[in-house]
Amino acid sequence: MKEFDSKIHITKSMKFSIVDVFAETKYTGNQLAVIWGERVELLSEEEMLKIAQEMNYSETTFISASEPENGGYPVRIFTPKRELPFAGHPTLGTAYIIQQEIIKNSVEQVILNLAVGQIPVTWKISEEGKQILWMRQNSPEFTQSYDQEILASVLNLEPSDFDDRYPIQAVSTGIPFIIVPLKTQSALKKAKVNLERYAEFIQTTTAKEIFIFCPETHHPNNHLCARMFAPALGVPEDPATGSANGCLAGYLSNYDYFGSDQVDIRVEQGYEIDRPSLLLLKSQKIGDFIQVEVGGTVVKVAEGILV
């Protein structure tokens, strides 16, 4: 990477919003900084990365145009370490800011132009009267499977903690995640990444992020509890991961986890790091593809100006 130019092209018309995604109340869910307004399109990749490092959330997004291009709004997503082609909670949170701050009208759908292609986000009202944002992800791809012994050493677990009815497998709807089925919530809670063994392990796999789940939950009206580890992205643990849950939804359909390919469930995440989150998953097989949707609520927390 070239040396960062300290003369960042920022004016007071470049704004930021902070939202909590997959949050039922403020200060829960997954935090996201959204950079928008004039001059964003002038930022270089290095400047965007520096801003993402300054914000220091799992991801920061940049809306580089106030009008649609080819039907969608161009958006780039950065972790504190690198750019991502797709991520779940940044997609929903950014669509929310586009609707609230740029369009400034109620809309049924916003399309984001991401590196993986166009991702539509739609608004629907839940039975409780809440506004739920839904994104349709790409059909999942299933690749490499992994041995329990290897993941046990990486996660400080025992082989007996894994649900051996289902494989440990890399799944991708844009970013690959290693999906790991566990038997109990006690196993989920005690999981801890051994960074030395993790570093060795990811040398042999395309997927670098690990997503674990179990069928025991904190609340009886939910169906699964999950955690996501991504040290390679500078994210030790993520409180709510829409992209990983999209992969999970496809996995659940592919292996008939709930007795059929029809999935319509509620997933908890983030409890172990005091950021309780709720993600809604829908998926089903349609011919050779699996249709995946991930939904949740977005709560605006703060706004400001970059100077």
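Helix α1 of this predicted model has a set of buried residues: Glu46, Glu47, Met48, Leu49, Ile51, Ala52 and Met55. The cover over these buried residues of α1 includes four strands, β1 (14-21), β2 (30-37), β3 and β4. An α-helix has 3.6 residues a turn, so residues three or four places apart point the same way.

Directly after α1 comes asparagine 56, with a positive phi near 65°. Asparagine 56 sits in the loop that links α1 (45-55) to β3 (60-63). A further asparagine with positive phi, asparagine 70, occurs in the loop between β3 and β4 (73-78), and its phi is near 55°. Most residues other than glycine have a negative phi. The table sets out the two asparagines.

| Residue | Loop | Phi | Relative accessible area |
|---|---|---|---|
| Asparagine 56 | between α1 (45-55) and β3 (60-63) | near 65° | 54% |
| Asparagine 70 | between β3 and β4 (73-78) | near 55° | 76% |

Are these two asparagines buried or exposed? Asparagine 56 is exposed, because its relative accessible area of 54% lies over the 50% cut-off for that class. Asparagine 70 is likewise exposed, because its value is 76% and the cut-off is again 50%. The listed residues of α1, from Glu46 to Met55, are buried, which means that each has a relative accessible area under 20%.

The rest of this report concerns the whole chain. How many helices and strands does the protein chain have? There are six helices, and the strands number 18.

The C-alpha trace spans about 55 × 45 × 35 Å along its principal axes. For 307 residues, a compact globule would be expected to have a radius of gyration near 19 Å, and the protein chain agrees with this because its own value is 19 Å.

Of the 307 residues in the protein chain, 54% are buried. The accessible surface of the chain amounts to about 13600 Å², and carbon and sulfur atoms account for 46% of that surface.

Contacts can also be sorted by separation along the sequence. Taking contacts between residues at least 6 apart in sequence, 65% join residues that are at least 24 apart.

Charged side chains complete the description. The protein chain carries 27 positive and 40 negative side chains. The centres of these two sets lie 4 Å apart.

Methods
Residues are numbered from 1 along each chain as its sequence is written. This is a predicted model: local features need pLDDT of at least 70, side-chain atom pairs count only at pLDDT 80 or more; totals for chains, interfaces and linings use all residues. Side-chain values use heavy atoms; hydrogens and water are left out. Helices (H or I, at least four residues) and strands (E, at least two) are DSSP runs, numbered from the N terminus. The radius of gyration is taken over C-alpha atoms; the globule rule is 2.2 Å times the number of residues to the power 0.38. Buried means under 20% relative accessible area, exposed over 50%, partly exposed in between (1.4 Å probe, protein chains only). Contact means heavy atoms within 4.5 Å. Accessible areas come from the Shrake-Rupley method with a 1.4 Å probe; for residues, only the protein chains shown count as cover. Lys and Arg count as positive and Asp and Glu as negative; His and the chain ends are not counted. The place of a charge is taken as NZ of Lys, CZ of Arg, CG of Asp or CD of Glu.
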